[in-house]
Amino acid sequence: MRRQITAITFATIAFFLYGCDAEVPTPVAHQAASGHVSVNSLDWQGRYSGVLPCADCPGIVTLLTLDLDQSYRLSKYYLGKDDKLFERRGVFIWEEKGSVIHLQNSPDGPDRYQVGENILFQLDKQGKRISGDLAEDYILHKVKDD
């Protein structure tokens, strides 16, 4: 219950913080993908959130916003740690096949996500979907705007 309250509190704070304008680098142009792929067939822009696994805490509350100009905003809050909010802004590029985004300016990772219908799947360091018992824990869900 406490984890849910903390996640909701973080999400509320993050939404307010995102209202502040800041300069974002010009996006890197992507090659146009052909066929029925995420980049051209899904409504991928928007906010995605979830609580991702953490090795030394109860979870990482994560909010990732993808904008049409290919900029992103990433906020992370480590549950059970200090109250510090980690934020990063930058641009993302679509990988060649048009279904995976790669966050630029994300040296400490994770930096790749497979884009699905209202969902982002965090990928491992090799760019593969995470499998096994914890696979469902590495998913960000699109936040519906009211």
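Which side chain does lysine 81 meet in a salt bridge? The partner is aspartate 56, with N and O 2.9 Å apart. Welcome to this structure, which is a predicted model. A search of the whole structure finds four aromatic pairs, and the count of salt bridges also comes to four.

**Salt bridges**

- Lysine 81 lies in the loop between β3 (71-78) and β4, and aspartate 56 in the loop between β1 and β2 (60-66), so their bridge ties together parts that are 25 residues apart in sequence.
- Lysine 81 counts as partly exposed because its relative accessibility is 37%, whereas aspartate 56, at 55%, counts as exposed.
- Arginine 112 pairs with glutamate 95, the closest N and O atoms being 3.2 Å apart.
- That bridge links strand β6 (residues 112-116), home of arginine 112, to the loop between β4 and β5 (100-103), where glutamate 95 sits, 17 residues apart.
- Another salt bridge joins arginine 73 and aspartate 67, with 3.7 Å between the closest N and O atoms.
- Here arginine 73 is buried at 16% relative accessibility, while aspartate 67 is partly exposed at 23%.

**Aromatic rings**

- Tryptophan 44 and tryptophan 94 form an edge-to-face pair, 5.3 Å centre to centre with 70° between the planes.
- This pair links distant parts of the chain: tryptophan 44 is in the loop between α2 (38-41) and β1 (46-52), and tryptophan 94 is in strand β4 (residues 85-94), 50 residues apart.
- Phenylalanine 92 also pairs edge-to-face with tryptophan 94, at 6.2 Å centre to centre.
- Ring pairs thus link Trp44, Phe92 and Trp94 into a cluster.
- Phenylalanine 92 is buried, with 0% relative accessibility, and both tryptophans, 44 and 94, are buried too.

**A charge over a ring**

- Arginine 129 lies over the face of phenylalanine 121, 3.6 Å from the ring centre.

Key
Residues are numbered from 1 along each chain as its sequence is written. This is a predicted model: local features need pLDDT of at least 70, side-chain atom pairs count only at pLDDT 80 or more; totals for chains, interfaces and linings use all residues. Side-chain values use heavy atoms; hydrogens and water are left out. Rings of Phe, Tyr and Trp (its six-membered ring) pair if their centres lie within 6.5 Å; planes under 30 degrees apart count as stacked, over 60 as edge-to-face and the rest as tilted. Helices (H or I, at least four residues) and strands (E, at least two) are DSSP runs, numbered from the N terminus. Buried means under 20% relative accessible area, exposed over 50%, partly exposed in between (1.4 Å probe, protein chains only). A charge sits over a ring if NZ of Lys or CZ of Arg is within 6 Å of the ring centre and within 35 degrees of the ring normal.
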